[in-house]
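Student: Could you take me through one part of this structure closely? I would like to see how a single strand sits among its neighbours, and then what lies beyond.

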Amino acid sequence: LIIEGITFKKISAEEWLKGQEEMKSLPETEENGVMFLPPVKESGCVEGWDNGILDDVPDARSYHTAIWTGTEMIIWGGSNSGYLNTGGRYNPSTDSWLLTSTGTDVPVARYSHTAVWTGTEMLIWGGLAYGNTFMNDGGRYNPNSDSWTPISTWDNCPSARMYHVSIWTGTEMIVWGGYSVENIYNSGGRYNPASDTWQETSTGTNCPSARNKPSAIWTGSEMIIWGGYVGAGPLNSGGKYNPSTNTWIATSTGINCPSTRSYHTAVWTGTEMLIWGGGIYSSGNYYYFNNGGRYNPTSDSWSSISTGINVPPERSSHTAVWTGSVMIVWGGYNGAYLNTGGKYDPSSDSWISTSTGENCPSVRGYHTAVWTGTSKAMCVSPNSLWSDAVVWLRWARMSSSCSTRSRAWRGPTT
């Protein structure tokens, strides 16, 4: 991987103007203040694409986390020929990055951790650090002050782990599942940042069996865990956890329940959990899926998701976001990395393919994606509208040998 770096010596405006043989005066302006610049001469590297400001772009990485603050996407941690404790804040309104602090109390470098947004802070927890050290600590990042505060590891803090899940309830971060060298877990904890304290999650009646790489969503009152992997193979069971009663209810494995899998995705629509994609490892071979299911927690029932016209090819390690009306699936791996995807509309049980045309990112998996919640569309080419589904890359390959660099992309509008 080669990251292009360019350094320009700062000179005065007078010195710069003297060197411009073709510029005899400053550009003219109209009364409304619009400035007209002369055309730029074509030279140097012209292939590939550049999506705006590249100042402070974080290093390329995978197995990192990403959250949406309401105005910015914050990515942190991950792996790139070593573990990282760096990150960046991407603002789609200005198409610009700011690096996150690596100063006092920044968590140690790690990957396969989890992150949630509280409304004021990003909470990082768990993961794997150097020396194959499993972590049960983390940090609270405040983007307003660009500062970190440690997360308590005192009473009831879950044991160290990676490949777990976490969600934000509105008052607490719930951590569950995962594995370490010693164990695969069906335990977890509820972290309250207001008091910097932990409470254990129940492992009693109807608690799902131990697993890593499950999916998790928050309904507004319950966390729903589904799927994942144990040593004996993948799972298609799950559970609904109610933090107000600290109790579990098992999810149905009956009619239309998706087959066993891990490395799938899950989104919450407001009434249903949508499970899609993923894979299994069996008899020395990997198998990938392009199917899924719609789970209704009120009726504890499943409905199938269409595998008809325009359904994306099978994959795992992709991303999925809910826009408010459709689920957008993108990227992933099925023996080769992908840059295809689809928009699934549960109201019509139908798919529309995402564009692979101009400005579509190159193939990748283990990336991250967030939905910004805005309905504003941005025109990036004469015949293409793209809205604010932001994908941050693991890596990106330019179409020429000019450079390889990380960048952000705004995905297909609904």
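Tutor: Happy to! Let's start with strand β3, residues 87-91: 5 of its 5 residues are buried, so the strand is largely enclosed by the rest of the structure. Buried here means under 20% relative accessible area, with over 50% called exposed and the range in between partly exposed, using a 1.4 Å probe and protein chains only. Strands are DSSP runs of E with at least two residues, numbered from the N terminus. Please keep in mind that this is a predicted model, in which local features need pLDDT of at least 70, side-chain atom pairs count only at pLDDT 80 or more, and totals for chains, interfaces and linings use all residues. Residues are numbered from 1 along each chain as its sequence is written, and side-chain values use heavy atoms, leaving out hydrogens and water.

Now look at the two faces of β3. Gly87, Arg89 and Asn91 point one way, while Gly88 and Tyr90 point the other way, and all are buried.

Next come the neighbours, where two strands count as paired if DSSP finds at least two bridges between them. Strand β2 (residues 73-76) pairs with β3 in the antiparallel sense over 4 bridges, and Trp76 has Gly87 of β3 as its bridge partner. Strand β4 (residues 96-99) also runs antiparallel to β3, joined to it by 4 bridges; here Tyr90 is matched with Trp97 of β4. The hairpin of β3 and β4 has 4 residues between the strands, and Asp95 takes a positive phi near 50° there.

Beyond this strand, the largest pocket has a volume of about 1700 Å³. Of the 42 residues that line this pocket, Ala66, Ala216, Ala266, Ala320 and Ala369 are the closest to its centre. The elements that give two or more residues to the lining include β1 (65-68), β5 (114-117) and β11 (165-168). A pocket is an open set of points on a 1 Å grid over the protein atoms alone, with protein on both sides within 12 Å along at least five of seven lines, and lining residues have an atom within 4 Å of a point. Its volume is the space filled by probe spheres set on the points, which are joined across faces, edges and corners.

To finish, follow β11 away from the pocket lining. An open sheet of 4 strands has the order β11-β12-β13-β14, with antiparallel pairing. β11 and β14 (197-200) are the edge strands, each pairing on one side only. Within this sheet, β11 and strand β12 (residues 173-176) run antiparallel and are joined by 4 bridges, with Met173 of β12 as the bridge partner of Trp168.

Definitions and conventions
On a 1 Å grid over the protein atoms alone, a cavity is a set of points where a 1.4 Å probe fits but cannot get out, and a pocket is an open set with protein on both sides within 12 Å along at least five of seven lines; lining residues have an atom within 4 Å of a point.
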